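Reader: Hey, can you walk me through the empty spaces in this one? I'm new to this, so plain words please.
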Amino acid sequence: MEPNTPWQPAEISPSSHSLPATADGLAGFLQDSERIAELLAAHKVLALRGFGVGPQELEKIMPLLLPDRLAYVFGNSPRTKVGRNVYTSTEYPREFTISMHSEMSYAAQWPARLLFYCERAAGRGGATPVVDNAVWYRALDPEVREAFAGGLRYTQNLHGGRGLGKSWQDTFETEDRLEVEAYLSRSGATWQWNARGGLRVSHVRPATVTHPETGETLWFNQSDQWHPATLGDEAAAALTEMLPLEELPQSVTFADGTPIPADHVRQVRDRGLEHAVDNDWRTGDLMLVDNVQAAHGRRPFTGERRVLVAMSD
């Protein structure tokens with residue numbers, strides 16, 4: 001890529017690689033796992049278009065791209081599990097934009113790869129925007145980058161079966177408290193069970209990571225999604241009137257507990273979306289994302305859009 005060329009995902013299609021326009025044609029191309037790894041490292045996102053992959057054929061494609069599929073343990077987005085570690089991409093209301101984020105960048109462990117699959121395209125809209133995390137970092141004002149340099153503290157209040165947000169059972173995909181505690185111990189989090197059967201979890205994470213090969217600084221956090229200022233003025237006001245900050249389903253501060261200014265997280269959200277490139281879905285398309293080098297979101301849509309996602313190390 002030339003120095004000033006805007007970043008774009010790489011397209012793999014029958015015409016771009018002289019392949020049969022079938023799921024078998026795509027599967028044959030994906031057999032070369034080293035080549036796929038090189039393409040993904042170089043381009044950050046691969047858009048696999050025009051092969052007409054059906055739901056039954058997806059199961060033979062996924063292992064070629066995700067050798068070991070991960071469960072969505074400790075995930076904060078509402079989803080439904082529809083297969084062996086395959087999930088709906090999100091269940092936020094269709095009329096809202098979902099801002100840019102790398103999956104589980106708030107956690108001590110995160111997936112290295114995401115694979116999206118369009119089972120049914122939206123009637124209108126519903127693109128999955130993607131952004132280069134190095135571009136996103138550079139797009140932020142220097143004072144914002146400096147403010148986040150000390151890291152972030154994420155806090156979740158997970159109910160025990162009834163309440164706002166997600167339950168700890170759904171979040172960790174278990175009913176076993178000891179299993180949850182073992183996971184949290186490995187992650188370095190602090191936690192406390194409450195009298196109502198809920199769980200409060202807090203952990204400190206960096207706001208950026210350094211790419212091991214290029215040395216680039218990558219924006220890698222979900223501060224804007226965890227901050228009430230990005231819920232919209234009315235929603236934020238209503239929620240913070242109902243509950244103090246420490247009791248919200250999820251919240252974020254700087255690592256030392258200092259509040260993050262609202263204009264900082266709004267800039268983070270807006271600059272990510274501003275530099276994103278939309279991936280417009282057609283039924284049967286797939287998209288492979290390097291979850292550290294790139295972030296993704298969702299545009300509003302109409303119709304019965306159904307996009308699935310799976311993850312791997």
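Reader: What volume does the largest pocket have?
Author: There's about 1,100 Å³ of space in the largest pocket. Keep in mind that this is a predicted model.
Reader: OK, and how many residues line the largest pocket?
Author: The lining has 44 residues. Nearest the centre of the largest pocket you'll find Pro 78, Tyr 92, Gln 225, Leu 231 and Gln 250.
Reader: Which helices and strands each supply at least two residues of that lining?
Author: On the strand side, β5 (98-101), β9 (152-158) and β17 (294-298) each give at least two. Among the helices, α9 (223-226), α10 (233-242) and α11 (262-274) do so too.
Reader: What's the mix by class in the lining of the largest pocket?
Author: It's 19 nonpolar, 18 polar and seven charged residues.
Reader: And the second largest pocket, what's its volume?
Author: That one comes out at about 390 Å³. It is lined by 18 residues, and the closest to its centre are Asn 157, His 159, Asn 194, Arg 196 and Glu 247. Two or more lining residues come from each of β9 and β11 (199-205).
Reader: So β9 turns up again. How do the residues lining the second largest pocket divide by class?
Author: Six are nonpolar, seven are polar and five are charged.
Reader: Now the closed spaces. How many cavities of 30 Å³ or more does a search of the whole structure find?
Author: Just one. The volume of this largest cavity is about 30 Å³.
Reader: Which residues line the largest cavity?
Author: Leu 58, Met 62, Val 86, Leu 115, Tyr 117, Leu 308, Val 309 and Ala 310. By class, those are eight nonpolar residues, with no polar and no charged ones.
Reader: Which element gives the largest share of the largest cavity's lining?
Author: That's β19, with three residues. The elements supplying at least two residues each are α4 (55-65), β6 (113-120) and β19 (306-312).
Reader: Let's stay with α4. At what angle do the axes of α2 and α4 cross?
Author: Roughly 15 degrees, and the axes of α4 and α2 (residues 23-30) come within 10 Å. The two helices are therefore roughly parallel to each other. Their crossing is left-handed.
Reader: Which residues make the contact?
Author: From α2 it's Ala 23, Asp 24, Leu 26, Ala 27 and Leu 30. From α4 it's Glu 57, Lys 60, Ile 61, Leu 64 and Leu 65. In this contact of α2 with α4, seven residues are nonpolar, none is polar and three are charged.
Reader: Switching topic: where does Ala 255 lie?
Author: Ala 255 is in the loop between β14 (250-254) and α11.
Reader: What does Ala 255 touch, not counting residues up to four places away in sequence?
Author: With those left out, Ala 255 touches Gly 150, Gly 151, Leu 152, Arg 153 and Val 204.
Reader: And what separates the C-alpha atoms of Ala 255 and Glu 146?
Author: They are separated by 13 Å, while the two residues are 109 residues apart along the chain.

How values were computed:
Residues numbered from 1 in each chain as written. Predicted model: local features only at pLDDT ≥ 70, side-chain atom pairs only at ≥ 80, totals over all residues. Heavy atoms only, no water. 1 Å grid on protein atoms, 1.4 Å probe; cavity = no way out; pocket = protein on both sides within 12 Å on 5 of 7 lines; lining within 4 Å. Points joined across faces, edges and corners; volume = space filled by probe spheres on them. Helix = DSSP H or I, 4+ residues; strand = E, 2+ residues; numbered from the N terminus. Nonpolar A, V, L, I, M, F, W, Y, C, P; charged D, E, K, R; others polar. Axes fitted to C-alpha atoms, helices over the stretch in contact; angles between N-to-C directions. Parallel < 35°, antiparallel > 145°, perpendicular 65-115°, else oblique. Left-handed = near helix turned anticlockwise from the far one by under 90°. Contact = heavy atoms within 4.5 Å.
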